Amino acid sequence: MKSTLSRRVEWGDCDPAGIVFNPQFFRWFDHGTTMLYEAAGWPKQEMLKRFDAAGCPLVDTRAVFKAPCRYGDDVEITTEIAEVKDRSFDIRHTLTLNGKLCVEGFETRVWTVKDPERGIKSAPIPAELVARFKGEG
């Protein structure tokens, strides 16, 4: 299960040296995750409503920076489910420029439902969603 986005690096994405300011990559990766939900068949708000969920908070993230990206570069960001567990799932992002890997990002998200005492709590990911995330549905 994966989704690929294309984007042009804009001037506002860059630091004074003209390369992408690192936090921008995490913003793009978050957008890639949202598009992954749509690729699974449910835009985020519909998915949360359908499964009566509170959200999928990010609990771990990191990135490995291999090559810089600059203003005007046309990059591709591929987001894919790396692993689905009982209550969480891991996502891998690869950002490439002309086929060359520039940044590899990783995140873990937890499936949550509303809890009257704590606000939200983790819960098992619904089987139908697990199947879609695994490309089986």
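Student: How many disulfides turn up in the whole structure?
Tutor: Zero, going by a search of the whole structure, where a disulfide is a pair of cysteine sulfur atoms within 2.5 Å. Keep in mind that this is a predicted model: local features need pLDDT of at least 70, side-chain atom pairs count only at pLDDT 80 or more, and totals for chains, interfaces and linings use all residues. Residues are numbered from 1 along each chain as its sequence is written, and side-chain values use heavy atoms, with hydrogens and water left out.

Student: Why no bond for Cys69, then?
Tutor: Its closest cysteine sulfur is in Cys102, and at 3.9 Å that is too far for a bond.

Student: And is Cys69 buried or exposed?
Tutor: Cys69 is buried because its relative accessible area is 1%. Buried means under 20% relative accessible area, exposed means over 50%, and partly exposed is in between, using a 1.4 Å probe and protein chains only. Cys56 counts as buried too, at 4% relative accessibility.

Student: OK, new topic. Which residues have the most contacts inside the largest nonpolar core?
Tutor: Met47, Phe89, Trp111, Leu129 and Phe133, in a core of 20 residues. At least two residues each come from α1 (22–39), α2 (44–50), β3 (74–84), β4 (88–97) and α3 (127–133). The biggest giver is α3, with three residues. Another core lies apart from that one and has 14 residues, including Cys14, Val75, Leu95 and Cys102.

Student: What do "core" and those α and β labels mean?
Tutor: A nonpolar core is a set of buried Ala, Val, Leu, Ile, Met, Phe, Trp, Tyr and Cys residues joined through side-chain atoms within 4.5 Å. Helices (H or I, at least four residues) and strands (E, at least two) are DSSP runs, numbered from the N terminus. As background, nonpolar side chains tend to be buried together in soluble globular proteins.

Student: How many aromatic pairs are there?
Tutor: The whole structure has nine. Rings of Phe, Tyr and Trp (its six-membered ring) pair if their centres lie within 6.5 Å; planes under 30 degrees apart are stacked, over 60 edge-to-face, and the rest tilted.

Student: What kind of pair do Tyr37 and Phe133 make?
Tutor: A stacked one, at 6.4 Å centre to centre with 25° between the planes. Tyr37 is in helix α1 and Phe133 in helix α3, so the pair ties together parts that are 96 residues apart in sequence. Both residues are buried.

Student: Why is the pair of Trp42 and Phe51 edge-to-face?
Tutor: Because the planes of Trp42 and Phe51 are at 85°, with ring centres 5.0 Å apart. Trp42 is buried at 8% relative accessibility, and Phe51 is buried at 13%.

Student: Which residue lies over the face of Trp42?
Tutor: Arg132, at 4.3 Å from the ring centre. Arg62 lies over the face of Phe106, at 4.2 Å from that ring's centre. To count, NZ of Lys or CZ of Arg must be within 6 Å of the ring centre and within 35 degrees of the ring normal.

Student: Back to α1. How many residues does it have?
Tutor: It has 18, and reaches 26 Å from first C-alpha to last, close to the 26 Å expected. The expected span is 1.5 Å times one less than the number of residues. Its buried residues include Phe25, Trp28 and Gly32. Ring pairs link Phe25, Trp28 and Phe65 into a cluster.

Student: Where is Thr34?
Tutor: Thr34 sits in helix α1, and counts as partly exposed at 22% relative accessible area.
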